[in-house]
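Hello,

Here is the structure I promised to pass on to you. Please have a look at it first, and then read on for what turned up in it.

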Amino acid sequence: MLKLLHTADWHLGRRFPSFPSEGQKKLSRARMDVVTKILEVGRRNAVNAILCVGDIFDDPDPAPDFWQGLAKIFRAHSGPHAPLFLVPGNHDPLTPEAVWAPGHPFRAQLPEWVHVVDCDDFMFELSPTAVLYARPCRSKAGESDLAMALPAREAGDERLRIGCVHGCTFDVSGYQTNFPISRDAGVQRGLDYLAIGDTHSFRDVTENLLVPTVYPGAPEPTSFDDGGAGHVAVVAMFRRGLRPRVDAEKVAFWRWLDVRCREMNDLRNLLTTPDLDRHVVRLHLDMTVSLSEESEVERILRDLRGTDATHGRAGVVVEDRSGLRLHPGSGDAFPHDLPPVLKDTVARLDRLIAESTEESHKAKATRALAHLYKLLQSRDPIGGRV
């Protein structure tokens, strides 16, 4: 049996500008950390090769922190060292200036068991009975089918044949086709397994064919739309003519959670999410709350985010407050024993809200009530200000 670990779309160096600065660092570091996890999965499964099929970096010329960091991870891996293959994708194509170029210092830092696919006719004998073919992307966009450019099986060749290319099949509706791959290319070229990368969800796009064509997906999600990300493919190949077994193995640390809260209980329930510290949370507040509930909202958000002195309950949080609204008027939020001047102020603002025909005036008066309520909440037990 031949065992492979198939991974793709690491996107090392990817930035996350829509998140707070500390969240950006966490998500960028996670893309490096998962590489060590992938190597450990390969060791645990005693694989014969690790196939990294495109978009290893988010850019063909990543910052030194990322290519130096990756080379350091490889050198620190204690083995056993199955051969590992890095295939340039459309995000990090093989160009004269790329990190993959023979003269780039990244190449000199790689251990001998790491191989860069830097030619169109790349071939590597994994064993006397198994051979790997691969072809790199040489640009960020292209119309050629790189899988169909792999060598066809010759008569009498009974070896296991594995292909590695980066590109897009046509099974995702509305997805932009870039370096299109025929869904039956593996069959046409006489392969036994076609390892591909590009889209970020784990999928076998040829479940009804003898030759699996598989996306392992990104090992760490890159967005809230990457629902099937977070895995690598572990492939067991037995003999020619018998379909390989392909299993998804989870490697991601982060889970991405898109939450829309339409009432307070939705927000309260978020705090009960298991392993919330391993979640990236995008929180849409689409609800109308009272003055007291608004204060509770602020407490929960502070609990989720953390402060300079405390860790947040959630790993990374980004908030959308555009749908958060206040009920007009004070309701029963204020205590009955307010000092007369404050009680009179609250009453005047309530009258303004009740009598005004201008929504903007009502909104300003409601916000003034909210500000006053927060000031009262910030008093210490003896009446001073915190």
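The chain holds 8 helices and 17 strands. Please keep in mind that this is a predicted model, so every value below is computed from it.

Let me start with the overall shape. Along its principal axes, the C-alpha trace spans about 100 × 40 × 35 Å. The radius of gyration of the chain is 28 Å, whereas a compact globule of 386 residues would come out near 21 Å. Of the 386 residues, 51% are buried. I also looked at contacts between residues at least 6 apart in sequence: 68% of these join residues that are at least 24 apart.

Next, the pockets. The largest pocket has a volume of about 380 Å³. Its lining is made of 17 residues, and those closest to the centre are E22, K26, R305, A314 and G315. Which elements give two or more residues to this lining? They are α1 (21-44), α6 (291-305) and β16 (316-320). Helix α1 gives the most, with 3 residues. By character, the lining of the largest pocket divides into 6 nonpolar, 7 polar and 4 charged residues.

You may wonder about the cysteines. How many disulfides does a search of the whole structure find? The count is 0. As for C119, the nearest cysteine sulfur belongs to C164 and lies 13 Å away, while a disulfide would need the two sulfur atoms within 2.5 Å, so C119 is in no disulfide.

Is C119 buried, partly exposed or exposed? Its relative accessibility is 25%, so C119 counts as partly exposed; the cut-off for buried is under 20%. C261 makes a good contrast: with a relative accessibility of 0%, C261 counts as buried.

One last residue to look up is A368. You will find A368 in helix α8, which covers residues 359-377. A368 counts as partly exposed because its relative accessibility is 33%, and exposed would take over 50%. How far is its C-alpha atom from that of L349? The two C-alpha atoms are separated by 8.0 Å, with A368 and L349 sitting 19 residues apart along the chain.

If you would like a place to begin in the viewer, try the pocket residues E22 and K26, which are among those closest to the centre of the largest pocket, and then move on to A368 in α8.

Best wishes

Notes
Residues numbered from 1 in each chain as written. Predicted model: local features only at pLDDT ≥ 70, side-chain atom pairs only at ≥ 80, totals over all residues. Heavy atoms only, no water. Buried < 20%, exposed > 50% of the residue type's maximum accessible area, 1.4 Å probe, protein only. 1 Å grid on protein atoms, 1.4 Å probe; cavity = no way out; pocket = protein on both sides within 12 Å on 5 of 7 lines; lining within 4 Å. Points joined across faces, edges and corners; volume = space filled by probe spheres on them. Helix = DSSP H or I, 4+ residues; strand = E, 2+ residues; numbered from the N terminus. Nonpolar A, V, L, I, M, F, W, Y, C, P; charged D, E, K, R; others polar. Rg over C-alpha atoms; globule rule 2.2 N^0.38 Å. Contact = heavy atoms within 4.5 Å.
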